[in-house]
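Thanks for making time this morning. I would like to walk you through two pieces of packing, one between helices and one around a sheet, so please keep the picture in view while I talk.

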Amino acid sequence: MKKVNLEVNGKKVSKEVADHTVLSVFLREVLNLTGTHVGCDTSQCGACVVHVDGKSIKSCTALAADLDGSKVTTIEGLVTNGKMHPMQEAFKKQHGLQCGFCTPGMVMSAIDLLNHKKNPTDKEIRDWLEGNICRCTGYQNIVAAVKEAASKM
Amino acid sequence: MKTFNYHSSKDVKEATKLASSNSAFLAGGMTTLPSMKLGLASYKDIIDIKRIKKLSGIKVSGKTVTIGAITKHAEVAHSKEVKKAISSLSSLAEGIGDPQVRNKGTIGGSIANNDPSADYPSACIALNAIIHTNSRKVSADKFFTGMFETSLKKGELIEAVEFQIPEKSCYQKYPNPASRYAIVGVYVAKYKSGVNAGVTGAKSCVYNDKNIADALSKNFSSSALDNIKISSSGMNSDIHASAEYRANMVKIFAKKAVDAC
């Protein structure tokens, strides 16, 4: 067992977990933050993307113990005073989702893109979302949502 | 994933001392962790080297670019120094996997794994890389020994990769649309002493294509490759591409690389 100290969505947490616990399991099963989804569980689909120290990573492929001392932001951490993040608003407005399974990862990944690049082109958005798979939308409205969020962030 | 004992090392000595026949070093974990989840690998001890400061960072001198083993792909991709010294190396890093993989995956992890379709091994071959480990320096042509095989001994740890700055260079690949691993990738680098053509994705292990390298050493232009014949013997054949297709792609991507230099 390993003691893992993290700051998750602004709150300090300290939990004793098995050495092989990955971050997605830590978030979902230990902290009950089930907004982070697990699809492929082998870092291909991107449903589990969260931010660690400001950068997007796939939480299914990171050991919780390895991230000891880090700051983690999940989809639950985006809402402020009951108001959705501009990226979430844009996904809603542009119908950037259907079943919603990939959405938490899409939103977290897209926010990381806009942190790097204020006004990405369609191609840059599509390239960036290489690691996020959506089986419903055909990506068109996701790209539209990211563009709309870019104009508001 | 089967359980293991997790160790976080603060220095190379401690990490190598912990190593055994049933352990693995963990850097970005982009291959190690999925392999363990899929049951392809299991270890008693996982030795995390991410906190060893000495293994991280980029140094550019007059003739070389040295990249610490745990330097992430995103750092290489965004490094102004690397871009200036060997721009093809930063664009190679920018094309690995996806942004999240680039935020965690490391150069040392990539070359230690030696995936036959990985990008970095072709850079090591083309750019006359010297791999620095905790006990020796090995040239790239002696480092990559076979499919997922290197000359690393058990418990030997990569510390840095030293690339020789070429006069001109370019890497072009045909990426698998799903994984962005190279179906075929060719890294061409021109030095005063001659040209190298590091080929990945085509065979079970990265190699320097002597026919292409020799032709380009005589005449560094894509037309110099017009009459070269690339044999499909020993080339990979799978659901993505046949051996014959790959052989043709090696030539096409070598020409593209020269044209883009």
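In helix 2 of chain A, the residues M87(A), Q88(A) and F91(A) meet T103(A), V107(A), A110(A) and I111(A) of helix 3 of chain A, where contact is taken as C-beta atoms, placed from the backbone, lying within 7 Å. Five of the residues in this contact are nonpolar, two are polar and none is charged. I should say that this is a predicted model, in which local features need pLDDT of at least 70, side-chain atom pairs count only at pLDDT 80 or more, and totals for chains, interfaces and linings use all residues. Residues are numbered from 1 along each chain as its sequence is written, while chains are lettered from A and ligands numbered from 1 in the order in which they are written.

The axes of helix 2 (residues 86-93) and helix 3 (residues 103-116), both of chain A, come within 10 Å and cross at roughly 125°, with angles running from 0 to 180 degrees between N-to-C directions. The two helices of chain A, helix 2 and helix 3, are therefore oblique to each other, that is, neither under 35 degrees, nor over 145, nor from 65 to 115.

Turning to chain B, we find an open sheet of four strands in the order 11-12-13-14, with antiparallel pairing, a pair requiring at least two DSSP bridges. Strand 12 (residues 182-191) and strand 13 (residues 194-200) of chain B are joined by seven bridges, and V188(B) stands opposite A197(B) in strand 13 of chain B. Helix 10 (residues 210-218) of chain B packs on the sheet, touching strand 12, strand 13 and strand 14 of chain B.

Technical notes
Two residues are in contact if their C-beta atoms, placed from the backbone, lie within 7 Å. Ala, Val, Leu, Ile, Met, Phe, Trp, Tyr, Cys and Pro count as nonpolar, Asp, Glu, Lys and Arg as charged, and the others, Gly among them, as polar.
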